[in-house]
Structure formats: structure tokens, C-alpha cells
Amino acid sequence: MTSRRDGPLMRNGGNVIRELRGSRIAAAVAIGVSIGCVFAFLFPNGLFGSYSHVRQVEKSLVNAAVCESSERINMLKSEHVSLTEKNAELKKQIRELKMKLQLAEQGKDQAEKQFLVLGQSHKAGPFGTVKALRINPVVLADESVNSRLAKILEKVAVGKELIVALANWNVRDMLEVWFTSIQKVGIPNYLVVALDDETAHFCKSKEVPHYRRDPDDGIDSVGRTGSNHAISGLKFRILREFLQLGYSVLLSDVDIVYLQNPFDYLYRDSDVESMSDGHNNMTAYGYNDVFDEPSMGWARYAHTMRIWVFNSGFFYIRPTIPSIELLDRVADRLARESKTWDQAAFNEELFFPSHPDYTGLHASKRVMDFYLFMNSKVLFKTVRKDPNLSKVKPVVVHLNYHPDKLPRMRAVVDFYAHGKTEALKPFPDGSDW
């Protein structure tokens, strides 16, 4: 047997394969050396030593970030407070602009309606038959003013009208006598505007319809801690929303006892129908008062028209443009004039006529029967001493003339509701101071 010899091709192929294998090994060695050099340059302390160093760096960065984030948080909190205050101010300005726009639109609508009536010329009728316009049209209801209040009023009001009283925790005892007398008479349409959380909880516990206003720092600080006079001024601003929503309101202080349903005795023919501080026909309904000035000789007597003021603690107001203008005027004056009494501003805006540099309010008004809607001066000075007058049950009694309101309110309830004929006798006509 002869041995097999490879040809030239096989010999050359083997050599090529060996050369390729050698070059691959050399390349791998070269790559390994290169990688080693790179690691040696990047991690002079070794791979694990570098990892420890990285962790230390990360820890330092975290500590620095914590300090920086704490300062950042404080700065962000400060910015948040500042932005919150600016946002509240912007919201207030937006509300005011929105109210002015709505009033302007309503005024335009009012002017158009008046033009339709007054724009046509009419012949005067026979003597004694001519009657001027007395009742202004009501405004268009706008629920966007306060949608939450609108939903409450839909449930509480009867015939788009209701009794409204403002109260805080300082007057809770009088408030309880107030709503208890209303409930006993059977008046369903009444609402307490609670000026603090305690009053709202109290009303809820007694199942009294109430409305807690959304927070407003400017208004609510007065509502929570204000005196009776401060709250009296506040009511003109709050009352505006009720009128804008299209509701007639019988505004009531809480020092009032209800003995009959007042809605059965209203005329509803004027923008404002109010209780009087007068105590007889002359003072309540007006009279001609003669002023005597002897130095004028023949012209010594000057005739003046007098009427005792409307009581701003009990009045019925319809949702008309003049009514809203009245509330705006009074609220504006009370905001600017810190020493002005709300009842004085209320009457001055209602009665003062137009004159140079001043445009009077064109609102119609009516005085309530002072024996039915009785102030406490009429009761304690006149009625309780008259056998005939004391037998007539008034609609309400307002303890506006006396500072000892609560005991007198309870005595009024005892006298008229419980038949205790001696209940009013212990009290003096006036007050001790």
C-alpha cells in the first residue's frame, strides 16, 4: 500500500487556516490589552475601589440635594402664599367686574322696558284718574351669580320671596327666639345666613334652613367677630346676591318676634317697603313741621316736611334696578365712611332728592303699618298701656329701641303667644342708659 500525498491545493489551504487562527488570537490579545489600558486609566484604584468612590460622590450629591430641596421647598411655599394672595385678589376683581357687567346689562334691559312703556305718548285722562308708574320691573334672574345659593332658594322660597336674617354666634340666644317664633307661626320660607361655622352647626342641629357663605376674608372677618352694627352694614352686600337671583327678600334682624305671617300683610307695590321708627301717625307717615325764625319778621315761619326714618333692620325689598342701586350705594358708603351708621346711610340714599353734584335714587317706597309692624317704643310706651291696643296682635315686634333685647323678646312671646298679661309690666318705657 502506498501512502497518500496531499496536493498543492490542500497544502496551501492548511497554511491559510493556520495563519487565520494566529491572527484572531493576536487580535484578541490586542483587544484585551486595550481594554485593560482603558480600565487602568478610568479606574486607577481598581474597579471595586472606583465603585466605592462613586457611591461616596452620589451620597454627597444626595446630601447637597436635600439641603437644596429644603431651601427650594421654603422658597416654593413662599411663592405659593404670594400667588394665593394674588389669585384671591384677582378673583375678587373678577367678581366685581362681573357684577358691574351684569348690572350694566340689566340696566340696559330695564331702560328698554321703560322705553316701551314711556316711549309712547298718552293723553291725560279725566281729572283724578291719572296714575303714574309705581312698580319697577324685576331684573332677569342670573344663577351664575351664586349657583349654590340659587339651589337653596329654590327649596326654601315661596312665590320667589323669603325672610332672610344674618347671624353669628354672638347672637345665638336671640336667634333661637327668632326662629322659634317663626316656626310657631308656621312660616316656611325663611333662611339664616350663618356668618360662622358654629352658627351653621347650630342651625343644622335645630333643622333651621341656613346658608353658610363661601369664605371671603374681607367679609367673613366682620361676620365672625363683628358687632351688631358691623353686621348690619354687611347685610347690604350679601343681600345683593338674593336680588340678582330674582328673589324678593324680607330682610330681618334677629331681635324680632314673629306673631303672624308678614307675607299676608305686604302690599308689594314699591321697591322698598319698610318698618318705621316712628311711634304715631305723624312720625311714621310724615308731617308738615313749621320752623320758627322770629328775626325774619313777616317770613318767620318756614314749613318743612318731616318723617321718622325707615328701619334698616326690617324691610321688604323687590329685585329691581333701583333696589340693587340702593344696596350698592349704601354698601359703598359704609365701606368708605367708617363712622356712618348703616340706617342713616340707608335713609339718606332712599330719601335725599337730586341736587347739584348729586343724583338722587329713583326708588319707590312704602311705610308699613306701625301698629302691625311694631317697634319696641310703640309697644312699651303706648300699646301695653292701652286696653284696646293691647288686645290687637301685631305681625312682628322689633326690639330695636332697647338694649336688653333678649328678656324683652321673651316677654313679648309670653304676652302675645302664651297669654301672660303681666309679662310686659316689669320693664321701663325706655332703657336705663
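Me: What percentage of the 433 residues of the protein counts as buried?
Reply: This is a predicted model, in which local features need pLDDT of at least 70 and side-chain atom pairs count only at pLDDT 80 or more, while totals for chains, interfaces and linings use all residues. Residues are numbered from 1 along each chain as its sequence is written, and side-chain values use heavy atoms, with hydrogens and water left out. Buried means under 20% relative accessible area, exposed over 50%, and partly exposed in between (1.4 Å probe, protein chains only). Of the 433 residues, the share that counts as buried is 37%.

Me: How many helices and strands does the protein have?
Reply: Both are DSSP runs numbered from the N terminus: helices are H or I with at least four residues, strands are E with at least two. The protein has 12 helices and 12 strands.

Me: What share of the contacts with a separation of 6 or more comes from residues 24 or more positions apart?
Reply: A contact means heavy atoms within 4.5 Å. Among contacts in the protein with a separation of 6 or more, residues 24 or more positions apart account for 72%.

Me: Why is the pair of F314 and F373 called tilted?
Reply: Rings of Phe, Tyr and Trp (its six-membered ring) pair if their centres lie within 6.5 Å; planes under 30 degrees apart count as stacked, over 60 as edge-to-face and the rest as tilted. A search of the whole structure finds 13 aromatic pairs. The centres of F314 and F373 are 5.8 Å apart and their planes stand at 35°, so this pair is tilted.

Me: Which strands hold F314 and F373?
Reply: Both residues are buried, and ring pairs link them with W178, Y190 and Y258 into a cluster. The two are 59 residues apart, so to speak of distant parts of the chain: F314 is in strand β9 (residues 310-317) and F373 in strand β11 (residues 373-375).Me: Is Y371 buried or partly exposed?
Reply: Y371 pairs with F370, with ring centres 4.3 Å apart and planes at 35°, so that pair is tilted. F370 is buried, with a relative accessible area of 1%. At 32% relative accessibility, Y371 counts as partly exposed.

Me: Which residue lies over the face of Y267?
Reply: A charge sits over a ring if NZ of Lys or CZ of Arg is within 6 Å of the ring centre and within 35 degrees of the ring normal. The charged end of R408 sits over the ring of F380, 4.5 Å from its centre. Over the face of Y267, at 3.8 Å from the ring centre, lies R366.

Me: Why does the salt bridge of R268 and E161 tie together parts that are 107 residues apart in sequence?
Reply: A salt bridge is a side-chain nitrogen of Lys or Arg within 4 Å of a carboxyl oxygen of Asp or Glu, and the side chains of R268 and E161 meet in one (2.8 Å, N to O). R268 is partly exposed at 27% relative accessibility, whereas E161 is buried at 10%. The pair ties these parts together because R268 lies in the loop between β5 (256-258) and β6 (272-276) and E161 in strand β1.

Me: Where does D253, the salt-bridge partner of K235, lie?
Reply: The side chains of K235 and D253 meet in a salt bridge (3.6 Å, N to O). K235 is buried, with a relative accessible area of 3%. K235 lies in helix α7 (residues 228-244), and D253 lies in the loop between β4 (248-252) and β5.

Me: Which residues are linked in a network of salt bridges?
Reply: A search of the whole structure finds 20 salt bridges. The network links E325, R329, R333, E337, E348 and E349.
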